Amino acid sequence: MIMNNTLIFLKPYYDQKIWGGNKLKKFGYDIPSDKTGEAWLISALKDKSSIVINEEYKGMSFYDFFNNYRDTFFGSYTNEYPLLSKIIDANDNLSVQVHPDDEYAKNKHNKLGKTECWYILDCLKDSSIIYGHKALSVEEMSEIIAKDKWEETLIKIPVKPDDFYYVPSGTVHAINKGNLIFELQQSSDITYRLFDYHRKESDGKERELHIEDSLNVIKFPFEIPSGESVKKRNDFLVDNNLFKLKKIIVKDHQIISPQKFWMQGTVIEGNCIINGNECTIGTSFVSKSNTALEIKGKATLLLSWVD
């Protein structure tokens, strides 16, 4: 690894989940157990921060790195770190859930809301996601909850590798069994669990639900996000006021123009050299503000940034 101080490389924070598995190993991650549900690739959340592995800052949390060097590395970005990227291994169905928007999250938790998006890295042949619901009002959803009428209410969509879904706050959703997904989201850990298949924790009690908050933030009726709300430019996966996300396929050599603040990326396939640094599948990095990326090799990356 070349110490030019324009790229910071990160080790993920690993989150153990009741539905987790061991497929994150394929990205070279040293996962702590076969119940590892999430690798938080680039996280500046204080208690779940990824870790800098560059020699000069080795062992420093990315949360501390961002706050210590926001002026010199991040282009004097004044707000809290806005992005969180993960890879999720769903060895079983995740809970049916919903996330709040910025206003609700700020008022109740003093945190960012949570809009997210999913890129399907791999999945089983019959894999699916939950994306939306058929209820038309809070009252109808309350009745569905009381009567456990989920099968006819939730909208299930089959998925395949390379599919992409934008999941705005207020959207009822779930990742189902067999999916391996890259997720980019606002930097928030607020999740309201609406339904969890009556699964029980190790103490024998059913997992906690958050019905009141869920009903407060669910959007009625469900509508698939319009194209313009997701992206203004067709060569992006997302291009709006929350974040930019772009899939980069490098076949030999490519230059990525610099951004005002920074770029963050993960290699999801292949191997390459980025600004002189060897990168393999699973490598995650953050580039210094106004730094171009010179990428050599054969690889696919997911790059994101904010304006």
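Where is the place of P221? P221 is in the loop between α4 (211–217) and α5 (227–230), so let's start our walk there, in what is a predicted model. The bond to look at is the one that joins F220 and P221: this peptide bond is cis, with an omega of about -15 degrees.

Now let's move to a spot that comes with a record attached. In UniProt, an unreviewed entry carries the annotation "binding site" for H99, E116 and H173. Along the chain these residues span 75 residues, yet no two of their C-alpha atoms are more than 10.7 Å apart, so they gather at one spot. That's worth checking on your own screen. You can also see that H99, E116 and H173 take part in the lining of the largest pocket.

Take H99. You'll find H99 in the loop between β6 (96–98) and α2 (102–109). Is H99 buried or exposed? Its relative accessibility is 1%, and because buried means under 20%, H99 counts as buried. If you skip residues up to four places away in sequence, H99 touches K114, E116, S169, G170, H173, I190, T191 and V217. Two of the annotated residues, E116 and H173, are on that contact list.

E116 belongs to strand β7, which covers residues 116–123. With 2% relative accessibility, E116 is buried too. What joins the side chains of E116 and H99? A polar contact of 3.2 Å does. Leaving aside neighbours within four places in sequence, E116 is also in contact with Y166, V167, H173, E183, L184 and Q185. So H173 turns up in the contacts of H99 and in those of E116, which fits with the way the annotated residues gather at one spot.

Let's bring in another residue that touches H173. S95 sits in the loop between β5 (83–89) and β6, and with a relative accessible area of 4% S95 is buried. Beyond its neighbours within four places in sequence, S95 is in contact with H173, A174, R193, F195, D196 and R199. The side chain of S95 also has a polar contact with the side chain of Q97, at 2.9 Å.

Q97 leads us back to the pocket. Which residues lie nearest the centre of the largest pocket? They are K17, E38, Q97, K114 and T191, out of a lining of 25 residues. K114 and T191 may ring a bell, as H99 touches them. The space in this pocket comes to about 370 Å³. Several strands help to build the wall: β2 (13–21), β3 (36–42), β5, β7 and β11 (173–175) each supply at least two residues of the lining. Sort the lining residues by class and you get seven nonpolar, six polar and 12 charged residues.

How does one look for empty space at all? Rolling a probe the size of a water molecule over the atoms shows where empty space is left.

Next, have a look at a couple of backbone details. D162 is in the loop between β9 (154–158) and β10 (164–167). D162 is not a glycine, although it has a positive phi of about 85 degrees. At 43% relative accessible area, D162 is partly exposed. What joins the side chains of D162 and Y119? Here you'll find a polar contact of 2.4 Å. Y119 is one of the residues in contact with D162 once neighbours within four places in sequence are left aside, and the others are I120 and K247. Try comparing sequence and space here as well: D162 and I181 are 19 residues apart in sequence, while their C-alpha atoms are 9.7 Å apart.

The last stop is N275, in the loop between β17 (263–274) and β18 (277–279). N275 is a residue other than glycine with a positive phi, near 50 degrees. Is N275 buried or exposed? N275 counts as buried, at 17% relative accessibility.

Notes
Residues numbered from 1 in each chain as written. Predicted model: local features only at pLDDT ≥ 70, side-chain atom pairs only at ≥ 80, totals over all residues. Heavy atoms only, no water. UniProt positions renumbered as here; feature names shortened; annotations may be inferred. 1 Å grid on protein atoms, 1.4 Å probe; cavity = no way out; pocket = protein on both sides within 12 Å on 5 of 7 lines; lining within 4 Å. Helix = DSSP H or I, 4+ residues; strand = E, 2+ residues; numbered from the N terminus. Buried < 20%, exposed > 50% of the residue type's maximum accessible area, 1.4 Å probe, protein only. Contact = heavy atoms within 4.5 Å. Polar contact = N/O pair within 3.5 Å; in protein donor to acceptor, adjacent residues only side chain to side chain. Points joined across faces, edges and corners; volume = space filled by probe spheres on them. Nonpolar A, V, L, I, M, F, W, Y, C, P; charged D, E, K, R; others polar.
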